[in-house]
Amino acid sequence: FQYCHCSRCRKFTGSAHAASIIIDPPNFEWLSGEQHVGRFELPEAKHYATCFCRRCGSSLPWLSKTGKALVIPAGTLDYDPAARPLQNVYYADRAPWYEEAGSLKKYDALPEK
């Protein structure tokens, strides 16, 4: 489980980083909806690809271009995966406006203005 700060992951997620759970491909199978999966590969990227639902646009698990890893976007899970992030990768490429979440104010709901 890692946070990726590369510019591709930031652009795809629209966020400061992608939260990704990496598993071995044989440990994954689609239970339904596989026919709705779209895939985008950036030709010049060694590993990067993305998958998305063609019906709703949601991010979906994707197989790396090498086929050696399956990446599950953690935010798409409906349950606690029990794993926790272990590292930040491409941290040198983080957004210039990025602030560590632990250093920011915390609210349980949208604060009043």
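In which loop is the place of Ala-82? In this predicted model, Ala-82 sits in the loop between strand 7 and strand 8 (87-89). The residue is a handy way in, since its backbone is a little out of the ordinary: Ala-82 has a positive phi of about 75° although it is not a glycine. Ala-82 also counts as exposed, because its relative accessible area of 64% is over the 50% cut-off. A second non-glycine residue, Tyr-90, has a positive phi too, of about 55°. Tyr-90 belongs to the segment after strand 8, and with a relative accessible area of 53% it is likewise exposed.

Stepping back to the whole chain, the model holds one helix and eight strands. Read from the N terminus, the order of elements is β-α-β-β-β-β-β-β-β. Along the principal axes, the C-alpha atoms fill a box of roughly 45 × 30 × 25 Å. Of the 113 residues in the chain, 30% are buried. The chain exposes about 8,300 Å², and carbon and sulfur atoms supply 53% of that area. As for charge, there are 14 positive and 12 negative charges, and their mean positions lie 7 Å apart. Taking contacts between residues at least 6 apart in sequence, 47% join residues that are at least 24 apart.

Strand 7 (residues 70-73) is a good place to look at the pairing. Both of its faces are covered: Leu-70 and Ile-72 point to one side, Val-71 and Pro-73 to the other, and all of these are buried. Strand 7 runs antiparallel to strand 2 (residues 18-23), and four bridges join the two. One piece of that pairing can be put down to single residues, with Pro-73 of strand 7 as the bridge partner of Ser-20. Strand 7 also pairs with strand 6 (residues 62-63), again in the antiparallel sense, over two bridges. Here the bridge partner of Trp-62 is Val-71 of strand 7. Strands 6 and 7 form a hairpin with six residues between the strands, and in that hairpin Gly-67 takes a positive phi near 80°.

On the strand 2 side, two residues in a row are worth following. Ser-20 lies in strand 2 and is buried, because its relative accessibility is 8%, under the 20% cut-off. Leaving out residues up to four places away in sequence, Ser-20 touches Phe-1, Gln-2, Val-71 and Ile-72. Ile-21, also found in strand 2, counts as buried at 11% relative accessibility. With the sequence neighbours up to four places away set aside, Ile-21 touches Phe-1, Leu-70, Val-71, Ile-72, Ala-74, Leu-77 and Pro-81. Strand 7 thus turns up in the contacts of Ser-20, through Val-71 and Ile-72, and in those of Ile-21, through residues including Leu-70. Ile-21 and Ser-32, by contrast, are eleven residues apart in sequence and 20 Å apart in space, C-alpha to C-alpha.

Another part of the chain forms an open sheet of three strands, in the order 3-4-5 and with antiparallel pairing. Strand 3 (37-41) and strand 5 (59-60) are the edges, each pairing on one side only. Strand 3 is joined to strand 4 (residues 49-53) by five bridges, and the two run antiparallel. Within this pairing, Gly-38 has Phe-52 of strand 4 as its bridge partner.

What, then, fills the inside? In soluble globular proteins, nonpolar side chains tend to be buried together. In this model, the largest nonpolar core has eight residues: Cys-4, Cys-6, Cys-9, Ala-18, Leu-42, Ala-45, Tyr-48 and Val-89. A second, separate core has seven residues, among them Val-37, Cys-53, Leu-60 and Trp-62. Back in the largest core, which includes Leu-42, the contacts of that residue can be spelled out. Not counting residues up to four places away in sequence, Leu-42 touches Arg-8, Tyr-48 and Lys-65. Tyr-48 is itself a member of the largest core.

Definitions and conventions:
Residues numbered from 1 in each chain as written. Predicted model: local features only at pLDDT ≥ 70, side-chain atom pairs only at ≥ 80, totals over all residues. Heavy atoms only, no water. Buried < 20%, exposed > 50% of the residue type's maximum accessible area, 1.4 Å probe, protein only. Pairing = 2+ DSSP bridges. Core = buried A, V, L, I, M, F, W, Y, C linked by side-chain atoms within 4.5 Å. Contact = heavy atoms within 4.5 Å. Areas by Shrake-Rupley, 256 points an atom, 1.4 Å probe, with all protein chains shown as cover. Lys, Arg positive; Asp, Glu negative; His and termini not counted. Charge placed at Lys NZ, Arg CZ, Asp CG, Glu CD.
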